[in-house]
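Colleague: I am new to this structure and would like to go through it slowly, with the reasoning behind each answer.

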Amino acid sequence: MKALRVLTAVAALAAAAPALAQVEVEPLSALDMFFPAAAETGLPDTLWRDASPSLAREVFDRISRQPLSPAARALSVRVLATGANAPSGAGSDADLAAARANALIALGQAEGAARILDRAPGQTRNEPLSRAAAEAFLRTARPERACETARDLTVDRERVYWLRLRAFCQALDGQADAAAVTFSLANQTERDAVFSRLMSALLAGGGNPGTASFRNGLEIALSRRLGLGDPPAASPPPIVSDALSAEVAGLLTDPGAIDRQFEALAAATAPAARTRIARRILILAAVGAAVTDEQRARIAALDGGRSGAPTGWLLALSDAAAAGQMGQTALAALWIAQAAGPAGPATADRVLVIAALRRVGLSEDARNFALEGLAALADPR
């Protein structure tokens, strides 16, 4: 009987062996570079479902180059910081991951970018991703991690950025002669007066280094090392100035706000005043203020002014919102806001942005765009 039990057990193991072998050799799925979060945002990990990778890359790159209104900046930080599955097919796109990190750095979120990139795969084989990581580590006072990134990089190592960083790292390690050689090679490749001034002072070990420079992570790290101070703390600009915050926020919390605005519109005679009031009503309606059937008909007759956004982008925004695509809607809204500059979208476009964001569940961001727009339309004081 005992022998029979042993034979049965052996037969069972033999039958299971192919399945076990299959499990052991099955490759792990590639790590999603978008999934690490910079911060808790309250947005779902399905944020980028059905979003366009090419649109994401364009919007992220523009964030790094163009000034934004406070509401657009807040939306940018929120979606970039969210840990979520990447847009379809982009989970291993190192260039897109670098664009995300660079956009966060440009928005003053170097800590979040460093958190994302601390263990990001593929850095050694991708120069933009490694550069974003080095910048994040340098800005957050972790030069040893930046130097580790520079040492591990296997491609494009002779670009001037890496020559400068290696010279700095060699100086930190006490390799003065090697640092001087690398510094000279960096200057031969491309001379920069500010970096040269700071690096020369570090190599000299004394003298007057001049003023601090905070143009990039390496100059921030050099300025710190030379005792010249830290860059000013980055604080997000308020959506609305203190002088207007109570008044503007009150419009959004007042259940009779639209009634009162229509009363003001009827009493106003100056064209400029009537325009401001009409546009306030449109924003209030877009953000979800209570509207009666009678008011809805009157709102339909109001003019929001000229649009500043291309029709195609407004259509893309509307289509994404109608499909419930949160990330794609955010990207389209940000493209429209980026094109408008630091003042934010024109009222005609802002109303559509607010309505679209609200429709896909980005209500906090819709409210920010409404507050910003209402503040711009406040009565002159």
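The questions and answers below go through pockets, a helix, a disulfide and some single residues.

Modeller: This is a predicted model, in which local features need pLDDT of at least 70 and side-chain atom pairs count only at pLDDT 80 or more, while totals for chains, interfaces and linings use all residues. Residues are numbered from 1 along each chain as its sequence is written, and side-chain values use heavy atoms, with hydrogens and water left out.

Colleague: How many residues of helix 8 are buried?

Modeller: Helices here are DSSP runs of H or I with at least four residues, strands are runs of E with at least two, and both are numbered from the N terminus. A residue is called buried under 20% relative accessible area, exposed over 50% and partly exposed in between, with a 1.4 Å probe and protein chains only. Among the buried residues of helix 8 are Val160, Trp162, Phe168 and Cys169, and what covers the buried residues includes helix 6, helix 7 (143-152), helix 9 (176-189), helix 10 (193-204) and helix 11, where contact means heavy atoms within 4.5 Å. Helix 8 is largely enclosed by the rest of the structure, because the number of its 13 residues that are buried is 11.

Colleague: How far apart are the end C-alpha atoms of helix 8?

Modeller: The expected span of a helix is 1.5 Å times one less than its number of residues. For the 13 residues of helix 8 the expected span is 18 Å, and this agrees with the separation of its end C-alpha atoms, which is 18 Å.

Colleague: Which residues form the disulfide?

Modeller: A disulfide is a pair of cysteine sulfur atoms within 2.5 Å, and the structure holds one. The sulfur atoms of the pair are 2.0 Å apart, and the partners are Cys147 and Cys169.

Colleague: Which parts of the chain does this pair link?

Modeller: The link of Cys147 and Cys169 is left-handed, with -95 degrees about the S-S bond. Cys147 is buried, at a relative accessible area of 7%, and Cys169 is buried as well, at 6%. The two cysteines are 22 residues apart and link distant parts of the chain, namely helix 7 and helix 8.

Colleague: Is Ser130 buried or exposed?

Modeller: Ser130 is placed in helix 6. Leaving aside neighbours within four places in sequence, Ser130 is in contact with Gln123, Thr124, Thr149, Leu153 and Trp162. Because its relative accessibility is 1%, Ser130 counts as buried.

Colleague: How much space lies in the largest pocket?

Modeller: On a 1 Å grid over the protein atoms alone, a pocket is an open set of points with protein on both sides within 12 Å along at least five of seven lines, whereas a cavity is a set where a 1.4 Å probe fits but cannot get out; lining residues have an atom within 4 Å of a point. Grid points are joined across faces, edges and corners, and a volume is the space filled by probe spheres set on the points. By this reckoning, the space in the largest pocket is about 380 Å³.

Colleague: Which residues lie closest to the centre of the largest pocket?

Modeller: Helix 4 (94-106), helix 5 (110-117) and helix 11 (217-225) each give two or more residues to the lining of the largest pocket. Of the 18 residues in that lining, the closest to the centre are Gly108, Gln109, Ala110, Pro232 and Ala234.

Colleague: Which helix gives the largest share of the lining of the second largest pocket?

Modeller: About 300 Å³ of space lies in the second largest pocket. Of its 15 lining residues, the closest to the centre are Arg131, Glu135, Tyr161, Arg164 and Asn216. The largest share of the lining, four residues, comes from helix 6.

Colleague: Where is Arg191 found?

Modeller: Not counting residues up to four places away in sequence, Arg191 touches Arg164, Ala186 and Ser196. Arg191 is exposed, with a relative accessible area of 60%, and Arg191 is found in the loop between helix 9 and helix 10.

Colleague: What is the phi of Ala141?

Modeller: Most residues other than glycine have a negative phi. Ala141, in the loop between helix 6 and helix 7, is not a glycine, yet its phi is positive, at about 60 degrees.
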